[in-house]
Amino acid sequence: MNPIIQALFSPWEWRFEILRILIPLAALYVTGWWRLRKRRDSNARLASMPRLISYLSGMIILATALMSPIDALGGQLFFMHML
């Protein structure tokens, strides 16, 4: 089978070294966001829901890029590298 097609249909790799970094970073951000949100004297713009959603979406996109077949195809196809 063509290696590109094989890489495209390969299963996801749940890599511990990536999750070990992304999960604590997300937990720290959510904790800080929640504490800032609960403070009455803080500016509401700093702890807005769109900021939390944007950060967590970025973490999910980063995890997808690093643990999906996109990472394997990045070395073979230029457009997957740019993705």
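1. Y29 is partly exposed in this predicted model, and its relative accessible area comes to 28%. Y55 also falls in the partly exposed class, with a relative accessible area of 24%. A residue is called buried when that value is under 20% and exposed when it is over 50%, so values in between are read as partly exposed.

2. The aromatic rings deserve a careful look, and the count here comes to 2 aromatic pairs. Y29 and Y55 make up one of these pairs, with their ring centres 3.9 Å apart and an angle of 15° between the planes. The pair is described as stacked because planes under 30 degrees apart are given that label. With Y29 placed in helix 2 (residues 16-38) and Y55 in helix 3 (residues 49-67), the two tyrosines are 26 residues apart, and their pairing links distant parts of the chain.

3. W33 and W34 also form an aromatic pair, for which the centre-to-centre distance is 6.2 Å and the planes meet at 45°, an arrangement classed as tilted. The two tryptophans can also be described by their accessibility: W33 counts as buried, at 7% relative accessibility, whereas W34 counts as partly exposed, at 48%.

4. Turning to the surface, I21, L25 and L28 together make a nonpolar patch of about 300 Å². L28, which is one of the residues in this patch, lies in helix 2 and has a relative accessibility of 62%. L28 counts as exposed because the value of 62% is over the 50% cut-off.

Notes
Residues are numbered from 1 along each chain as its sequence is written. This is a predicted model: local features need pLDDT of at least 70, side-chain atom pairs count only at pLDDT 80 or more; totals for chains, interfaces and linings use all residues. Side-chain values use heavy atoms; hydrogens and water are left out. Rings of Phe, Tyr and Trp (its six-membered ring) pair if their centres lie within 6.5 Å; planes under 30 degrees apart count as stacked, over 60 as edge-to-face and the rest as tilted. Helices (H or I, at least four residues) and strands (E, at least two) are DSSP runs, numbered from the N terminus. Buried means under 20% relative accessible area, exposed over 50%, partly exposed in between (1.4 Å probe, protein chains only). Patches are made of residues with over 30% relative accessible area and no salt bridge: like charges are joined within 9 Å, nonpolar side chains (Val, Leu, Ile, Met, Phe, Trp, Tyr) within 5 Å. Accessible areas come from the Shrake-Rupley method with a 1.4 Å probe; for residues, only the protein chains shown count as cover. A salt bridge is a side-chain nitrogen of Lys or Arg within 4 Å of a carboxyl oxygen of Asp or Glu.
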